[in-house]
Amino acid sequence: MGMNVGGGGGDDEVVSAINTTPLVDVMLVLLIIFLITIPVATHSVKVKLPVDANTPTQTRKGNIVLAVNSNGQVFWDTTPIANHTDLLNRLVEVAKQKPQPQIQIRGDQAAKYLAVGQVVATCQEAGIAHVDFITEQPHSN
């Protein structure tokens, strides 16, 4: 490799050296883009997530079990509930008790989320402080 210093020849000669200036320019632009976008992608709001406390609950005599079947029908223990108002009135009476009994919701696997969500919202509307969900443990093979 040598350097062409003046002399002979004109502009018609072929230069076999690679011009790296455009490559460096493109790499610098990409570096700047990455430096700007990485902090935005990794930014997240700090929240304290709830801790999973998957402990088996004991069904006691004072507990109230609300069941939602696959059709969306709500049951108070084994008694069917006619409508939202009936459920709300029963839960308001339960909410007045000190201490409040434990409310447990059993949702059928095929039940729509809306039906179970309405039961939870009704509990909140009635003033129930604590609602539990009853689930089955997955079968291990």
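Of the 141 residues in the chain, 20% are buried. The model described here is a predicted one, and the passage below walks through it from the overall layout to individual residues. The chain holds three helices and five strands, and these follow one another along the sequence in the pattern α-β-β-β-α-β-α-β. Contacts between distant parts of the sequence are well represented: among the contacts with a separation of 6 or more, 64% involve residues 24 or more positions apart.

A good place to begin is the sheet. The five strands form an open sheet with the order 3-2-1-4-5 and mixed pairing. Strand 3 and strand 5 are its edge strands, each pairing on one side only. Strand 1, residues 64-68, runs parallel to strand 4, residues 103-107, and five bridges join the two. Individual partners can be picked out along this pair: Ala67 has Arg106 of strand 4 as its bridge partner, while Val68 is partnered by Gly107 in strand 4. On the way to the edge, strand 4 also pairs with strand 5, residues 131-134, in the parallel sense over four bridges. Here Ile103 stands opposite Val131 of strand 5. To get from strand 4 to strand 5, the chain passes through helix 3, residues 113-126, and the resulting β-α-β crossover is right-handed.

Attention now turns to helix 2. This helix has twelve residues and reaches 16 Å from its first C-alpha to its last, close to the 16 Å expected at 1.5 Å a residue. Its buried residues are Leu87, Leu88, Leu91, Val94 and Ala95. Viewed down the axis of helix 2, these buried residues fall within an arc of 120 degrees, so they line one face of the helix. The cover over the buried residues of helix 2 includes strand 1, strand 2 (74-76), strand 4 and helix 3.

The contribution of helix 3 can be followed at a single residue, Thr122, which is placed in that helix. Thr122 is buried, with a relative accessible area of 2%. Beyond its neighbours within four places in sequence, Thr122 is in contact with His84, Leu87, Leu88 and Leu91. Of these partners, Leu87, Leu88 and Leu91 belong to the buried residues of helix 2. A further link in space between separate parts of the chain is given by Thr122 and Val92: they are 30 residues apart along the chain, and their C-alpha atoms are separated by 9.5 Å.

Charged side chains come next. Side chains of opposite charge can pair when their charged atoms come close. A search of the whole structure finds two salt bridges. In one of them, Arg90 pairs with Asp86, with the closest N and O atoms 3.8 Å apart. Both Arg90 and Asp86 lie in helix 2, residues 84-95, and they are four residues apart, about one turn of the helix. An α-helix has 3.6 residues a turn, so residues three or four places apart point the same way. Arg90 is partly exposed, with a relative accessible area of 30%, and Asp86 also counts as partly exposed, at 25% relative accessibility. The other salt bridge joins Lys96 to Glu93, where the closest N and O atoms are 3.5 Å apart. Lys96 is exposed, with a relative accessible area of 56%, whereas Glu93 counts as partly exposed at 47%. The exposure class of Lys96 follows from the cut-off, because a residue counts as exposed when its relative accessible area is over 50%.

Two details of the backbone complete the picture. The peptide bond from Lys98 to Pro99 is cis, with omega near -10 degrees. Pro99 lies in the loop between helix 2 and strand 4. The other detail concerns Asp77, which has a positive phi of about 55 degrees although it is not a glycine. Asp77 lies in the loop between strand 2 and strand 3, the latter spanning residues 79-80, and at 39% relative accessibility Asp77 counts as partly exposed.

How values were computed:
Residues are numbered from 1 along each chain as its sequence is written. This is a predicted model: local features need pLDDT of at least 70, side-chain atom pairs count only at pLDDT 80 or more; totals for chains, interfaces and linings use all residues. Side-chain values use heavy atoms; hydrogens and water are left out. Two strands pair if DSSP finds at least two bridges between them. A crossover is right-handed if, with the strands pointing away from the viewer, the path from the first strand over the helix to the second runs clockwise. A salt bridge is a side-chain nitrogen of Lys or Arg within 4 Å of a carboxyl oxygen of Asp or Glu. Buried means under 20% relative accessible area, exposed over 50%, partly exposed in between (1.4 Å probe, protein chains only). The expected span of a helix is 1.5 Å times one less than its number of residues. The arc is that of the directions from the helix axis to the C-beta atoms. Contact means heavy atoms within 4.5 Å.
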